[in-house]
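Dear colleague,

I am handing over the structure we spoke about, with the sequence alongside it. My notes on what was found follow below, and I would be glad if you could read them with the structure open.

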Amino acid sequence: MRIYKTKDYDEMSRTAANIISAQVILKPESLLGLATGSSPIGVYDQLVEWYKKGDLDFSKVTTVNLDEYKGLPKENKQSYYYFMHEYLFDKVNINVENTYLPDGMNMDSEAEACRYEDLLASLGQVDLQLLGLGHNGHIGFNEPGDVFEKATHCVDLKESTIEANKRFFASADDVPRQAYSMGIGTILKSKKLLVVVSGEGKAEALKNSICGPVTPHVPGSILQFHPDVTIVADEAALSKVPEEYLK
C-alpha cells in the first residue's frame, strides 16, 4: 500500500489525476473504474484541463462506474449518470457507448445486479479503479455490515450515508434509500486501486481502513488485502494515521 500525503484537496486531486493520466497514456485502451461524490470532482476537473491542453486522449478508454442510486432516472441531476456526464464524459473525447453504469431505473434488484456483474465480467479486468471513502468507511456503496458483499448488489443505505448525501438534495427525504453497487469482491478484482480521501471528517474512517483490523464493519479495511493500492489523501484526512504508516 502506497500512501501519498498532500497539503490539501487541490494537491490531492492533481496527484490522483497524474496517476490516472499516466495509466491512460501508457495504455490508451484502458478500462477505468470510476467513482462519484465530492471527492473525485477535482480529479475530473484536472483530467479535463489536461485534455483541453491536448495532453490526454480518451477516445479508446472504456469506463465502468461503481454505483448508481436506485430509482433515479438518468435525467435527474443527482443521478450518477448525470454526474459523470457533467464532470467528465461531456467534456472529453470519450465514446459514450464505452461508458457503463448500473441502471438505476431497473426496479428488479436481482436482475439488475446480475446484469451489471455479467457486463463487468465481459469487459475484462479493470486496469485502475478510482475509489472514495465514506465517513463510515464505505467504498462504493458497500456499507458497514456483518459480511463483505462479493458481487454487484442492491444496498439499503445507512442513515449516516443518507445524512452525508442530503446536501445534494432538496431534503433528506429526497435522498434515495437504495443504490446499486459493485461488491467488494468485484472491486478487488481490479489490477490497481486508487483511493482519494480529503478532510478531517474522513480521518477516523481512513485510520481504521489503514491501521485497523480487516472487518466488514469497516469496508475500507479490505484495501489492506489488495496487492496494488495507492491512497492519496490530504493532511487533514491523514491526521489520525500514525507516522510509521506514512513512511
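**The active-site residues and a small sheet**

The side chain of His-138 is in polar contact with the side chain of Asn-136, at 2.8 Å. Please keep in mind throughout that this is a predicted model.

Both partners of that contact belong to a feature in the record: UniProt, in an unreviewed entry, places "active site" at Asp-67, Asn-136, His-138 and Glu-143. Of these residues, Asp-67, Asn-136 and His-138 are included in the lining of the largest pocket.

Where in the fold does Asn-136 sit? Asn-136 is found in the loop that runs between strand S6, residues 128-131, and strand S7, residues 153-156, and His-138 lies in the loop between S6 and S7 as well.

Is His-138 buried or exposed? Its relative accessibility is 13%, and because residues under 20% are classed as buried, His-138 counts as buried.

The surroundings of the two residues can be read side by side, leaving out neighbours up to four places away in sequence. Asn-136 touches Glu-143, Pro-144, Lys-158, Ser-160, Thr-161, His-217 and Pro-219, while His-138 touches Gly-132, Leu-133, Glu-143, Thr-161 and Pro-219. Glu-143, which the UniProt record lists under "active site", thus appears among the contacts of Asn-136 and also among those of His-138.

Turning to the strands, there is an open sheet of three strands in the order S4-S8-S7, and the pairing is antiparallel. Strand S4, residues 67-69, and S7 stand at the edges with a single partner strand each, so one side of each is left without a neighbour in the sheet. From one strand to the next, the twist averages 25 degrees. S4 pairs with strand S8, residues 178-181, in the antiparallel sense over three bridges, and Tyr-69 has Ala-179 as its bridge partner in S8. Asp-67, one of the residues that UniProt gives for the "active site", falls within the span of S4, residues 67-69.

For the wider context, UniProt lists residues 26-224 as "domain: Glucosamine/galactosamine-6-phosphate isomerase", again in an unreviewed entry. In the model, that span is 29% helix and 16% strand, and the C-alpha atoms at its ends lie 26 Å apart.

With best regards

Key:
Residues are numbered from 1 along each chain as its sequence is written. This is a predicted model: local features need pLDDT of at least 70, side-chain atom pairs count only at pLDDT 80 or more; totals for chains, interfaces and linings use all residues. Side-chain values use heavy atoms; hydrogens and water are left out. UniProt positions are given in the numbering used here, feature names are shortened, and annotations may be inferred rather than shown by experiment. On a 1 Å grid over the protein atoms alone, a cavity is a set of points where a 1.4 Å probe fits but cannot get out, and a pocket is an open set with protein on both sides within 12 Å along at least five of seven lines; lining residues have an atom within 4 Å of a point. Helices (H or I, at least four residues) and strands (E, at least two) are DSSP runs, numbered from the N terminus. Contact means heavy atoms within 4.5 Å. Buried means under 20% relative accessible area, exposed over 50%, partly exposed in between (1.4 Å probe, protein chains only). A polar contact is a pair of N or O atoms within 3.5 Å; within protein, one must be able to donate a hydrogen and the other to accept it, and residues adjacent in sequence count only if both atoms are side-chain atoms. Two strands pair if DSSP finds at least two bridges between them. Axes are lines fitted to C-alpha atoms, for helices over the stretch in contact, and angles run from 0 to 180 degrees between N-to-C directions.
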